[in-house]
Amino acid sequence: ECSAVWRAPRLRGIRSEQAFQDALVNAEIRQINIRIYEDEPYTIGISLDETVTSEDLDDLLFVLGAPSSTNLWQQFKPGDGGILRTKFERTSEYLTHPTFKKYHSEHQLTRYIREPECIFY
C-alpha cells in the first residue's frame, strides 16, 4: 500500500489525571471526537481541517479547560471579505505549473501523483 502519515507536533498541556479525565468528560459534553494515546500518559489527539469555525475552537478550549477565545477571535477576525484586503491576501500567482493545466480533476491529479510510487513497488 502506498501511503504516508504526517505526525503533528504534540503540545504538552494536560499534566494530571484529573485534568485528563475532565478533558474526556468535556469532549463528550461537546460531542467532540478525540484520540486517546494509550502509550503516552495524559495525551489526546485532535484533528482539524479547513472547515473549523471560531465556535469549534471555543469548544476545544472548553474541552481543555481554557477560557473562551471570543474576545481574542474578534481582535483578529478580518472583515466580511475573509483575508481579502488584508496584509495576508495573496498577491502572487499560484498553480501555474503545467501539471495543473494538464490534470483537471482531483482524481486525475491524484493518479498522476501516485504513479511514481506504484512503479517502484
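Colleague: How many helices and strands are there in the protein?
Modeller: The protein has five helices and two strands, and I should add that we are looking at a predicted model.

Colleague: And what order do the elements run in, from the N terminus on?
Modeller: Starting at the N terminus, the order of the elements is α-β-β-α-α-α-α.

Colleague: Which residues make up the largest nonpolar core?
Modeller: That core consists of five residues, namely Ala23, Ala27, Ile32, Leu60 and Val63, with helix H1 (17-29) and helix H2 (54-63) each supplying at least two of them.

Colleague: What does Ile32 touch, leaving out residues up to four places away in sequence?
Modeller: With those neighbours set aside, Ile32 is in contact with Ala27, Asp59, Leu60 and Val63; among these, Ala27, Leu60 and Val63 belong to the largest nonpolar core along with Ile32 itself.

Colleague: Switching to Gln21, is that residue buried, exposed or partly exposed?
Modeller: Gln21, which sits in helix H1, counts as partly exposed because its relative accessibility is 34%, a value that falls between the 20% limit for buried and the 50% limit for exposed.

Colleague: How far apart are Gln21 and Tyr42 in space?
Modeller: Their C-alpha atoms lie 8.7 Å apart, while the two residues are separated by 21 positions in sequence.

Colleague: Now for the whole protein, what share of the residues counts as buried?
Modeller: Of its 121 residues, 14% count as buried, and the accessible surface comes to about 10900 Å², with 54% of that belonging to carbon and sulfur atoms.

Colleague: What part of the contacts with a separation of 6 or more comes from residues 24 or more positions apart?
Modeller: Such residues account for 44% of those contacts.

Technical notes
Residues are numbered from 1 along each chain as its sequence is written. This is a predicted model: local features need pLDDT of at least 70, side-chain atom pairs count only at pLDDT 80 or more; totals for chains, interfaces and linings use all residues. Side-chain values use heavy atoms; hydrogens and water are left out. A nonpolar core is a set of buried Ala, Val, Leu, Ile, Met, Phe, Trp, Tyr and Cys residues joined through side-chain atoms within 4.5 Å. Buried means under 20% relative accessible area, exposed over 50%, partly exposed in between (1.4 Å probe, protein chains only). Helices (H or I, at least four residues) and strands (E, at least two) are DSSP runs, numbered from the N terminus. Contact means heavy atoms within 4.5 Å. Accessible areas come from the Shrake-Rupley method with a 1.4 Å probe; for residues, only the protein chains shown count as cover.
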